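Here are some worked exercises to go through at your own pace. Keep the viewer open and try each task before you read its solution.

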Amino acid sequence: MKLRPLLPFAALALVPALASCSVFQKKEPPPCPPVYILGDAGTLTKYKDGKGRDLTDVEFEAEITGFQGDCKYDEKGALVEIQVSFSIKRGPGDADRKAEFTYFAAVPLFYPAKDAKAEFPLSVEFPQATNYVRYTDEPLVLRIPVKDSDIIQNYEIYLGFQATQEQLERNRQGRK
């Protein structure tokens with residue numbers, strides 16, 4: 001009958017061992033997919049219409065300065081929410097105190113599907129007596145249909161301005 005007092009002790013000894021089982025641990029959520037700002041498309045200089053391309057022809061200069069976001073997972077995959085921030089400087093060629101442009105979020109792994117890229121038009125007004133604005137857009141939401149959270153790192157998201165070929169070439173020349 002000496003086993004009887006040992007039984008509760010033996011049961012208590014199993015508690016730490018069971019606590020280390022994954023059933024009792026909160027599973028850490030998978031990471032969000034990586035987000036990058038494209039170097040060639042991270043800035044934009046918009047000139048007024050015409051052939052002039054000097055300083056007096058600049059309507060505005062814009063830069064994607066950052067982003068913040070989060071992601072959640074459900075049975076359909078990841079829902080990624082991103083808010084993109086911009087710095088916008090008004091140029092001497094601006095007549096209406098507005099900067100109108102389009103930026104994009106792209107997931108190259110989805111290419112050539114139509115859903116590989118989404119475009120977001122913006123119109124930002126410069127308040128009176130200021131020629132510089134910092135602006136954060138409304139959150140954009142992307143659905144990434146991945147079942148295995150371990151491969152979410154392969155679904156890179158790229159942000160950039162929707163630019164003309166001329167604007168991209170100017171950005172590339174400026175980086176050399």
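Two strands pair if DSSP finds at least two bridges between them. Helices (H or I, at least four residues) and strands (E, at least two) are DSSP runs, numbered from the N terminus. The model is a predicted one, in which local features need pLDDT of at least 70, side-chain atom pairs count only at pLDDT 80 or more, and totals for chains, interfaces and linings use all residues. Residues are numbered from 1 along each chain as its sequence is written, and side-chain values use heavy atoms, with hydrogens and water left out.

**Exercise 1. Strand pairing**

Task: Work out how β3 pairs with β2 and with β4.

Solution:
- Step 1. Begin with β2 and strand β3 (residues 58-74): they run antiparallel and are joined by five bridges. Across this pairing, Thr45 stands opposite Glu61 in β3.
- Step 2. Turn to β3 and β4, which also run antiparallel, joined by 14 bridges. Here Phe60 is opposite Arg90 in β4.
- Step 3. Look at the connection: β3 and β4 make a hairpin, and two residues lie between them.

**Exercise 2. The disulfide and a neighbour**

Task: Find which cysteines form a disulfide, then describe the surroundings of Asp70.

Solution:
- Step 1. A disulfide is a pair of cysteine sulfur atoms within 2.5 Å. The structure has one.
- Step 2. The partners are Cys32 and Cys71, with sulfur atoms 2.1 Å apart. The angle about the S-S bond is -100°, and the link is left-handed.
- Step 3. Cys32 sits in the loop between α1 (3-19) and β1 (35-37), while Cys71 belongs to strand β3, so the bond ties together parts that are 39 residues apart in sequence.
- Step 4. For exposure, use relative accessible area: buried is under 20%, exposed over 50%, and partly exposed in between (1.4 Å probe, protein chains only). Cys71 is buried because its value is 11%, whereas Cys32, at 30%, is partly exposed.
- Step 5. Asp70 lies in strand β3 and is partly exposed, at 49%. Contact means heavy atoms within 4.5 Å. Leaving out residues up to four places away in sequence, Asp70 touches Cys32, Leu79, Val80 and Glu81. The C-alpha atoms of Asp70 and Val80 are 6.0 Å apart, though ten residues separate the two along the chain.

**Exercise 3. Unusual backbone geometry**

Task: Locate the cis peptide bond, then say whether Arg97 is buried or exposed and do likewise for Ala129.

Solution:
- Step 1. Recall the background: most residues other than glycine have a negative phi, and most peptide bonds are trans.
- Step 2. The cis bond joins Tyr111 and Pro112, with omega about 10°. Pro112 is in the loop between β5 (98-106) and β6 (117-125).
- Step 3. Arg97 has a positive phi, near 60°, and lies in the loop between β4 (77-90) and β5. Its relative accessibility is 15%, so Arg97 counts as buried.
- Step 4. Ala129 also has a positive phi, near 65°; Ala129 is in the loop between β6 and β7 (132-136). At 84%, Ala129 counts as exposed.

**Exercise 4. Two pockets**

Task: Describe the lining of the largest pocket and of the second largest pocket.

Solution:
- Step 1. Set the terms. On a 1 Å grid over the protein atoms alone, a pocket is an open set of points where a 1.4 Å probe fits, with protein on both sides within 12 Å along at least five of seven lines; lining residues have an atom within 4 Å of a point. Grid points are joined across faces, edges and corners, and a volume is the space filled by probe spheres set on the points.
- Step 2. The largest pocket holds about 180 Å³ of space. Its lining includes Thr45, Lys46, Gln167 and Arg170. Two or more lining residues come from each of β2 (43-47) and α2, and α2 gives the most, with four.
- Step 3. Follow Gln167, found in helix α2 (residues 165-175). Gln167 is buried, at 14%, and touches Leu44, Thr45, Lys46 and Gln162, not counting residues up to four places away in sequence.
- Step 4. The second largest pocket holds about 160 Å³. Among its lining residues are Ala105, Phe110, Lys117 and Leu142, and β5, β6 and β8 (140-144) each supply at least two.
- Step 5. Sort by class: Ala, Val, Leu, Ile, Met, Phe, Trp, Tyr, Cys and Pro count as nonpolar, Asp, Glu, Lys and Arg as charged, and the others, Gly among them, as polar. The largest pocket's lining has one nonpolar, four polar and six charged residues; that of the second largest has eight nonpolar, no polar and three charged.
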